Every structure is written in C-alpha cells, then in structure tokens.
Amino acid sequence: MPKSLFYDPNAKRQPGEITFSPIPVNAYQKKMRDIRAEYTDADLVSLFYDMVVIREFETMMQELRLTGKYKDASYDYSGPAHLCIGQEAAAVGQAYLLDKDDIIFGTHRSHGEVIAKGFSAIRKLDDETLMKVMREFDGGKQLSVVEKGFHGTVPELAIRFYLYGLMAELFGREIGFSKGLGNSMHAFFMPFGVYPNNAIVGGSAPIAAGAALYKKIHRQQGIVIANAGDGSVGCGPVWEALNFASMDQYRTLWDNKGGLPILFYFTNNGYGMGGQTAGETMAYDMLARIGAGVNPEQMHAERVDGFNVFAVIDAVRRKKEILERQQGPALLDVVTYRFCGHSASDASPNRTQEEIRAWEDQDALESYGAQLVENDILSAEQIEQLRLSIGAQLMELFKTATDPELSPRMDLLARGDSIEKYMFSNEPHNKLGEGAPAVLAPKEENPRWQRNQKKSRYGKKDGKALPSAAVIQIRDAIFEALLDKFYEDPSLVSFGEDLRDWGSAYGTYKDMEKSIPYERLFNAPISESTIVGASVGYAMLGGRVASELMYCDFLGRAGDEVFNQLAKWQAMTAGQLHMPVVLRMGIGSKYGAQHSQEWSSLCAHVPGLKVVYPVTPYDAKGLLNAALSGSDPVIYLESQSLYGMGELFQKDGVPVDYYEIPIGEPDVKRAGEDLTILTFGATLYRALAAADRFAEYGIGVEVIDARSIVPFNYDKVIESVKKTGKLIIASDACQRGSFLNDFAQNIGSLAFDYLDAPVLVLGARNWVTPVYELEKDFFPQAEWFLDAYHQKIQPLQGYTPTRSYTDAEMLRRGKLGV
C-alpha cells in the first residue's frame with residue numbers, strides 16, 4: 001500500500017527459487033562435565049533446586065486431585081491441574097538468563113515457567129529491592145504471613161513469599177497474587193516479570209506480540225517470551241502472531257528499524273491434549289520447520305533438547321542476543337515430555353506405558369542429579385536432604401495457603417462488590433506515557449484538520465440540511481478525537497486493516513499519516529485475532545490502543561481475543577492490569593449476510609466490556625474522547641451508512657475544543673408526551689421519521705438515543721415512561737437474543753407502575769441479512785413502529801398496518817425458529 005514500496009512487475013516475474021538454510025536439531029550435546037568452568041557450583045545447585053521445587057509443586061497438585069491429600073494432609077481441591085511433570089528442565093533453562101527487564105507469558109501448563117522465572121528474578125534482585133516488592137505488593141499481606149518466625153536470608157524469604165502467593169492463588173484464596181480470581185491457569189506475578197498465563201491454547205501468542213510491540217515502540221530493554229505448546233501450532237491466532245511479529249514493515253518502513261524482541265518458545269511434549277502432534281495432528285514432522293515458512297531468516301528457528309537444561313540455556317542465550325540486536329523474532333522448538341496426563345483426570349489412554357517408561361528412564365531431573373554427584377558438587381545424601389527440605393517447605397506453605405484463618409477466600413455474601421469492583425477500573429487518564437508524543441508535524445498543519453476548520457459544525461442552515469461535504473461528518477468527528485489524542489498521549493498507537501495511506505475503509509483515518517509516524521499508526525495484516533490480541537498485550541504493558549476491525553461481522557475472527565482476553569484481564573488480575581483499548585468496528589449495510597450484522601449484543605453479553613454506538617457527530621466525538629481517556633476496554637460501534645451524516649441535534653454544532661460525553665448516559669433527541677421510543681444505533685433516524693408519522697395521529701413521541709448499552713443509566717428512560725406510559729425499544733440487531741430484550745425486561749420491571757401497556761421490542765428479522773434492495777423488509781423501518789403500536793398498544797384511527805405483530809404471528813415465528 002505505501003507508495004514508497006514499488007511493486008515491480010519485472011522483479012516479481014523473474015524466475016528463480018526459494019532456498020532454505022539448515023535448521024539445527026538438538027545440536028547442543030554438552031553435559032555438566034563439559035561446561036563446569038562456565039558455571040559456579042552454586043549456579044549448578046540452583047538449577048537443580050528449581051527443578052526439584054517444580055517437580056514437588058506439581059506432584060502436590062497431582063496428589064490433591066487424584067487422592068484428595070498431599071502426603072498426610074487432606075484437602076478437597078477440584079480446580080484445574082494441567083501439570084508439567086517431566087518438563088522441568090525446559091522451564092528452568094528458559095528462565096536462567098532472564099533478567100528484570102525480560103517478561104514471559106505462559107500457558108495453561110506453565111506452573112514450571114512461573115516458578116522458574118520468579119526464582120531467577122529473586123536471585124538477580126538485591127535484598128532492598130526484594131523487600132520493597134514484598135512490602136508493597138497488596139499492602140504486604142503475603143509477606144506478613146510468611147515472615148512470622150522466619151530467620152533466613154531475604155532471598156529465602158522471597159522464595160517463601162512467592163510460593164505462598166502462588167499456592168494461595170491456585171487454591172482460590174483472597175491472599176493469592178490475584179485474590180483467588182486467576183487460579184491455576186492464569187497465575188502471574190508482574191513484579192518478577194511473570195505476566196498472566198493463559199487458559200486458551202495459544203492465547204498468549206498474540207498478546208505477547210503486543211507486549212513486544214510496546215517494548216519496540218517505546219525502546220524498552222528486555223525481551224518477551226511467548227510460551228506455547230506444540231498443540232497450539234494448529235491454532236490460527238498463533239500463526240497470525242508469528243506473522244505479526246515478523247512483518248516486513250518493521251525493517252522497511254519504520255524509523256526505529258528492526259524486528260520485535262519476542263521469542264516464541266514451544267514446549268514440545270509431543271501431544272496436544274490427546275492427539276500426538278508429529279505423526280498425527282500436524283504436518284511439520286519437526287516443529288522448528290515452521291520458522292522457514294514465516295520469514296527469510298526462518299525465525300532463527302531450531303530444535304533443542306529440552307531434557308538438557310544446558311542446551312536450553314545455550315539456546316535462550318543465543319536467541320536473546322539476536323533479539324537484543326533487533327533481529328527478531330525467534331523461535332525455539334524445545335523437545336520434552338510430560339510424564340503425567342493432559343490433566344489430573346487424564347489416565348493417558350492414548351499412550352502406552354512402554355512409551356511413558358522410556359521417557360521416565362531418561363528423566364532430566366534424575367539425570368541432572370546424577371551429574372551433580374558425578375562431578376562432586378553434591379553427594380547423594382545431600383541431594384536427598386535437599387529434596388526433603390523442599391518437600392517440608394512446600395508442606396508448610398501448603399498448610400498455610402489452605403488454612404481458612406490465615407488464607408480465607410472472598411466472602412461474596414458479606415462483601416458483594418468483591419468481584420464487581422474489578423470489572424471496570426473507571427479511571428480517567430488523559431495520557432498514559434511520559435514525554436512528548438512522536439508526531440511528524442504540528443497538528444495545525446494536518447491538511448484534513450485544516451479542511452475541517454472550514455466546515456460547518458452544525459448540519460443545518462435556516463432549517464435545511466447542508467450538503468454532506470460542507471459539514472463535519474461522523475467520520476470527521478472520529479478523526480478529530482483520534483488526532484487530538486495522538487497529540488496528547490504518547491502511548492497511543494492505532495492499527496488495523498488499511499488504516500494508513502488508505503485512510504481505513506470509510507475514511508476515518510484519511511490524512512492521519514501526514515501527522516503520525518509509522519510506529520504509532522500502521523497497517524496490520526488481515527489478522528483480526530492478533531489485531532485484538534496485540535492490543536491486549538500492548539495495554540498490559542501500560543499503553544493505549546485504538547484498534548479497528550473493518551466490519552462488526554469480523555468479530556467472529558477475534559472472538560477469543562475480545563471475549564476471553566480483552567474483557568477479562570482487569571478482573572482476573574484483581575485490578576492489577578488495566579485495559580485501555582478502544583476497539584472500533586463498523587456495522588455495515590448493503591453487503592448482505594456476512595457484512596451487515598449488528599452484533600452489539602454479543603459484546604454486551606460478556607462481562608468486562610463497555611459498549612457504545614454513537615450515530616451523530618457530536619456523540620461520536622464526545623464518546624470517543626471519553627473512551628480514549630479511560631482505562632477500560634470499549635467496543636466502539638459505527639454505522640457505515642451514517643459516516644457522512646452531519647450534526648442535526650446540537651445547534652451549537654460539534655465543538656472544536658475537547659469535550660467528553662459520559663459513557664452510559666442516554667440522550668433525548670426529541671421530546672414528547674405520549675410515547676417513548678428508545679433506540680440504539682442507526683435506528684434512531686427511522687424512529688424520528690416514525691415520530692413524524694405518529695404526530696399525524698396526535699401522538700407526541702419522545703425519542704431517546706441510548707448511545708451506550710454497557711453501562712446504561714436507566715433514570716432518563718424511566719422518567720420518560722412515567723410521563724408517556726408507553727415504550728418501544730428498537731435497533732438493527734436481530735431481535736432474538738438481543739440486548740433489546742434485556743432493556744425491555746429491566747425497564748418493564750423498574751417502570752411497571754407507570755406502564756399502560758407491555759414494552760414493545762422492534763429488532764431486525766431473525767434471518768440472514770438480505771441484499772441491499774431488500775433491507776427495508778429486514779431492518780426496522782418507520783412504519784414498523786406504527787404497525788406494532790397499532791396492534792399491540794392502541795389502535796390508530798384509520799390506520800392499516802402492513803406487517804403483523806399479532807400473538808398468532810409471534811407463535812408462528814417461534815415454532816419455525818425465525
């Protein structure tokens with residue numbers, strides 16, 4: 001798309017061939033005796049210590065699920081237990097060289113990575129910093145429990161603190177690192193560089209790519225590791241993330257040239273859940289091969305023996321150096337094996353005992369212990385004593401973490417807001433970053449900004465509508481809000497399909513590239529999952545994102561990232577993370593069943609998302625300003641058929657200066673005394689046309705534009721219903737399963753004493769969206785309001801309805817499912 005990159009037919013049509021470099025496979029074969037000079041004895045013992053802790057921790061979880069006991073202590077644990085028994089060396093080797101600036105994202109099976117990274121951080125931080133972390137995290141609650149009666153060193157205390165906080169989290173205790181809201185599959189501790197694990201297979205890949213994007217844009221030290229399993233290679237978002245992290249534009253178009261500092265670390269234990277990857281469910285033979293299909297550097301991919309901790313350390317060291325030279329991304333295929341099943345309920349029916357024993361006979365933990373003895377670093381007795389001391393420590397911490405007095409759960413009856421207070425942070429932040437925003441020129445030099453200054457801010461003159469080109473349109477109002485925020489918040493980035501140069505499909509970004517550099521405004525691939533997932537990861541590190549999906553219909557391509565990631569991380573981290581992401585989506589028309597759907601109800605159904613849908617320029621700018629200055633995820637819907645609409649309601653027009661409209665507040669667009677119509681979205685204008693028709697029958701209609709559905713303040717609607725006694729609720733969403741029915745139920749209950757008739761709901765028909773020429777028979781039209789009113793509320797004298805809203809018709813449609 002950029003004119004600076006000439007797509008040369010002569011070059012593209014030249015004959016040739018694509019060549020590949022060999023991909024190393026288990027090239028590192030050194031044992032402890034070969035590298036004794038590279039490590040101190042203390043280093044070598046610490047590697048073993050970490051592996052033993054992970055093995056014992058996972059054994060504890062396995063025993064609890066299988067027997068209800070850990071050693072002699074009974075406890076009823078019924079939560080998830082996706083364990084990494086056998087994979088310890090792969091986790092410890094990964095973490096060994098990572099420092100405070102390096103961060104990891106994990107999987108549902110990442111207890112090992114979490115423990116190893118935490119221990120690595122503890123060993124690299126000084127005592128003062130460790131005490132500061134423990135005192136300041138959650139007001140020092142975890143520290144106050146584990147320091148009682150303890151007389152060891154600060155690092156030893158930090159290990160107790162860390163393991164206790166993790167256990168308490170896994171067991172759903174309020175003193176856990178996420179107040180028990182994260183549990184086993186979402187463990188994290190960000191002060192040690194451990195970002196949230198992800199229960200969705202491959203879910204961390206696009207999020208980690210967004211975190212790496214943040215580090216690159218803001219020139220931060222450290223690398224990002226996206227942990228994933230071999231089964232995740234079958235997931236589309238993982239492939240999207242590999243490509244997003246490898247885009248050519250980082251090297252060809254950005255001023256800050258170089259790849260993203262991300263290592264995709266595939267812990268390859270040979271299985272997804274039950275399906276064997278190599279030989280059954282995948283086609284790669286060796287996972288490292290996929291790097292050759294992503295970029296010319298083949299992602300610097302290689303296969304590493306994950307049973308050899310030194311091989312893993314060596315590989316991570318080399319990949320880390322590559323990333324620090326801005327030559328990323330990189331990929332490691334780390335071969336290992338889990339001795340346990342996929343989960344505690346999995347008896348491994350898909351594997352033979354012979355296979356499991358063959359791997360157990362080469363157990364990396366036992367092999368490493370034997371090497372310690374062979375190299376006269378520890379004796380067999382010392383190794384046994386170390387195992388016993390670790391077991392005793394974990395037992396002590398287990399009993400503390402499950403003690404209802406020391407480690408209680410949330411009391412949701414006594415404190416009913418314990419979870420709801422984390423659903424939205426509701427914190428205003430005009431800017432999230434420090435310093436001056438990176439821009440190309442003063443805002444006043446932007447050609448579109450200059451054109452907007454010459455346009456009328458109000459859409460009428462002398463009572464008549466002005467030509468669309470002469471007024472501030474909805475697309476202009478959106479442009480102004482975005483441009484203003486780019487010049488205010490240095491953390492803001494925006495990406496989606498065809499935003500730069502093209503100006504987005506409907507012109508909201510037109511000429512934005514004249515003011516904003518590539519690293520803040522760029523074109524993403526057609527990768528809806530990673531557009532949203534990368535937005536989440538960028539926000540996790542402290543940035544603000546205004547991303548775009550071209551059509552609301554494409555929401556299905558990003559379903560997990562919107563519903564399981566964007567919506568949940570504020571609450572699952574008990575408010576430790578904020579999610580200042582505005583996801584703009586156009587609601588189409590004219591283009592039929594797959595490009596003209598209004599899916600606001602899907603977003604409203606998932607807790608944790610704010611949902612707005614402005615349909616006037618004044619509301620579009622004011623609500624976008626509010627969304628871009630908040631700390632919560634906002635689904636910002638736009639009607640593609642209304643982008644050219646001017647402001648018809650605010651007679652002072654769309655202000656040039658900054659203003660906000662509070663999210664959740666409806667607005668009366670027309671006053672009336674006899675009937676209330678509440679609309680959401682583009683249906684507003686058809687409701688206003690219906691109001692004109694009702695006036696012919698002496699009925700004054702009050703038309704209220706909801707503007708938002710999550711949150712929503714019912715007060716204004718209830719006051720209107722008290723006056724009119726009648727209510728119709730309408731939008732272009734299909735009526736079945738729609739939020740319209742929630743509005744009807746809630747208002748019907750809240751205003752029951754004031755209603756003279758049941759609340760009526762008008763939605764689109766429960767069909768596929770037809771072609772443009774038939775849309776008037778699909779989306780609510782002005783006459784539909786009169787038809788419904790005439791048949792369900794009160795007959796209109798001399799009126800003949802064109803559509804049936806009788807009980808018989810409702811029953812007929814119900815039986816047919818339409």
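Is Lys179 buried or exposed? Hold on to that one for a moment, everyone, while I say what we have on the screen. This is a predicted model, so please hear everything that follows as computed from it.

Back to the lysine. Lys179 has a relative accessibility of 13%. The cut-off for buried is under 20%, so Lys179 counts as buried. And that lysine has a partner: Lys179 forms a salt bridge with Asp138, and the closest N and O atoms are 3.1 Å apart. The two come from distant parts of the chain, 41 residues apart. Asp138 sits in the loop between helix 5 (127–136) and helix 6 (141–146), while Lys179 sits in the loop between helix 7 (154–170) and helix 8 (204–217). Asp138 itself is partly exposed, because its relative accessible area is 22%.

How many salt bridges does a search of the whole structure find? The total is 48. As a quick reminder, side chains of opposite charge can pair when their charged atoms come close. Let me show you two more of these pairs.

Asp692 and Arg670 meet through their side chains in a salt bridge, at 2.6 Å from N to O. This pair also links distant parts of the chain: Asp692 belongs to helix 23 (residues 683–695) and Arg670 to strand 16 (residues 667–670), with their positions 22 residues apart. Here both partners are partly exposed, Asp692 at 44% relative accessibility and Arg670 at 27%.

Then there is Asp807 with Lys792, another side-chain salt bridge, at 2.7 Å from N to O. This one ties helix 27 (residues 807–816), where Asp807 is, to helix 26 (residues 782–793), where Lys792 is; the two residues are 15 apart. Lys792 counts as partly exposed, at 28% relative accessibility. Some salt bridges also share partners: Asp619, Asp667, Lys669, Asp705 and Arg707 are joined that way into one network.

Now, please turn the view to helix 24. Which of its residues are buried? In this helix, residues 715–724, they are Val717, Ile718, Ser720, Val721 and Thr724. Looking down the axis of helix 24, these buried residues fall within an arc of 160°, so they line one face of the helix. The spacing helps here: an α-helix has 3.6 residues a turn, so residues three or four places apart point the same way.

What do the buried residues of helix 24 pack against? There are three strands, namely strand 17 (675–680), strand 18 (701–705) and strand 20 (727–734), plus helix 25 (739–750). Right after helix 24 comes Gly725, with a positive phi near 75°. And if you look ahead of the helix, Pro711 lies in the loop between strand 19 (708–710) and helix 24. The peptide bond from Val710 to Pro711 is cis, with omega near -5°.

A second cis peptide bond to look at joins Gly328 and Pro329, where omega is about 5°. Pro329 is in the loop between helix 12 (309–324) and strand 7 (330–335).

Next, a serine. Ser600 is in helix 21 (residues 600–605), and its relative accessibility is 0%, so it counts as buried. What does Ser600 touch? Leaving out residues up to four places away in sequence, its contacts are Val611, Leu637, Phe680, Ile709 and Phe739.

For a long helix to scroll along, try helix 2 (residues 41–67), with 27 residues. From first C-alpha to last, helix 2 reaches 38 Å, close to the 39 Å expected at 1.5 Å a residue. Just after helix 2, Gly68 has a positive phi of about 75°.

Last stop: two aspartates with positive phi. Neither is a glycine, yet Asp501 has a phi of about 70° and Asp511 has a phi of about 75°. Asp501 is in the loop between strand 10 (494–496) and strand 11 (521–523), and Asp511 lies in the loop between strand 10 and strand 11 too. Their surroundings can be put side by side: Asp501 is partly exposed, at 34% relative accessibility, whereas Asp511 is buried, at 9%.

That's my tour, and thank you for listening!

Terms used
Residues are numbered from 1 along each chain as its sequence is written. This is a predicted model: local features need pLDDT of at least 70, side-chain atom pairs count only at pLDDT 80 or more; totals for chains, interfaces and linings use all residues. Side-chain values use heavy atoms; hydrogens and water are left out. Buried means under 20% relative accessible area, exposed over 50%, partly exposed in between (1.4 Å probe, protein chains only). Helices (H or I, at least four residues) and strands (E, at least two) are DSSP runs, numbered from the N terminus. The arc is that of the directions from the helix axis to the C-beta atoms. Contact means heavy atoms within 4.5 Å. A salt bridge is a side-chain nitrogen of Lys or Arg within 4 Å of a carboxyl oxygen of Asp or Glu. The expected span of a helix is 1.5 Å times one less than its number of residues.
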